[in-house]
Amino acid sequence: GAEKFLDIVSRVANYKPAAVILIATIRALKLHGGAKKKEALSATPMPDAVRKGLGNLHIHIENMRKYDVPVVVAINEFVGMDTEEELQIVADDMEAMGVDYARCQVVAHGAEGGKELAKALVSCLETKESNYHPIYPLDIPIEDKLKAIATEIYRADGIELEKKAKKDIKTLTKHGFDKLPICVAKTQNSITDNPTWRGAPVGGWNLTVREVYVNAGAGFLVAICGDMMLMPGLPRIPAAEAVNIDDTGKTIGLF
């Protein structure tokens, strides 16, 4: 999401982002550290998995730094689930990397729970300068833009264009759409295009591009990568089914 904002939205709207807030959770770090989904979502302390999962967070931090924009990591705490040991592991790691950070408890405590993050952001804005720039120019071929995103952000060795993608690129270039930025559609569950590949995979794989089409009104190309469904997905039992209003008129089931 940040790559799309920084390479498409900021460029088109002529924004200069002053900072990036990168949200990290203990449960996500557990998952990228080798824990099974059920374990990662539980309150079971897994400090070793958190340590192993930090590699994934490091890549996201490094990616944001490639745009020359200061980063603040928000450790989004699940009160009653995350242990002090696990939270401290992340805090110590951020200290070692020289990254601004703060624990965030907005869900549990509302605005009060976000004060430390707000202070960290203000401190970052007062002490660090943004020299934002996109990671690729618009005047290079479509294939080269895809390679830049794949290698710089997703840490692939390169790209693999399927037959349709090659044909699409040729057609789009012919009709003058090759100067547009690119929105990559791929799984959000991994840095790679394989949703089961957790952690911090660097190299040893290529980003598979199935097709490329133009959203002419929005002003960008869309590259479909890996086994990606483009329609919004819902869980087997949508959360909305648990929301109701009781006899007193109070809304229940939101949390």
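The expected span of a helix is 1.5 Å times one less than its number of residues. In this predicted model, helix α4 covers residues 47–65, and its 19 residues reach 27 Å from the first C-alpha to the last, close to the 27 Å expected at 1.5 Å a residue. Helix α4 nevertheless has a kink of about 30°, centred on Gly53.

Gly53 itself belongs to the buried residues of α4. The others are Pro47, Ala49, Val50, Leu54, Asn56, Leu57, Ile59, Ile61, Asn63 and Met64. Their packing partners are both helices and strands: the buried residues of α4 pack against α1, α2 (26–32), α5 (84–97) and α8 (142–153), as well as against β1 (20–24) and β2 (71–76).

Asn56 offers a closer look at this helix, α4, in which it is placed. Asn56 counts as buried because its relative accessibility is 8%, and buried means under 20%. Leaving aside residues up to four places away in sequence, Asn56 touches His32, Ile191, Gly199 and Ala200.

Helix α1, one of the elements packed against the buried residues of α4, spans residues 2–13 and includes Phe5. Phe5 counts as partly exposed because its relative accessibility is 38%, a value to be read against the limits of 20% for buried and 50% for exposed. On the surface, Phe5 joins Val9 and Tyr15 in a nonpolar patch, and together these residues have about 270 Å² of accessible area.

Conventions:
Residues numbered from 1 in each chain as written. Predicted model: local features only at pLDDT ≥ 70, side-chain atom pairs only at ≥ 80, totals over all residues. Heavy atoms only, no water. Patch = residues over 30% accessible without salt bridge, like charges linked within 9 Å, V, L, I, M, F, W, Y side chains within 5 Å. Areas by Shrake-Rupley, 256 points an atom, 1.4 Å probe, with all protein chains shown as cover. Salt bridge = Lys/Arg side-chain N within 4 Å of Asp/Glu carboxyl O. Helix = DSSP H or I, 4+ residues; strand = E, 2+ residues; numbered from the N terminus. Buried < 20%, exposed > 50% of the residue type's maximum accessible area, 1.4 Å probe, protein only. Bend = angle between axes of the 7 residues up to and from the residue. Contact = heavy atoms within 4.5 Å.
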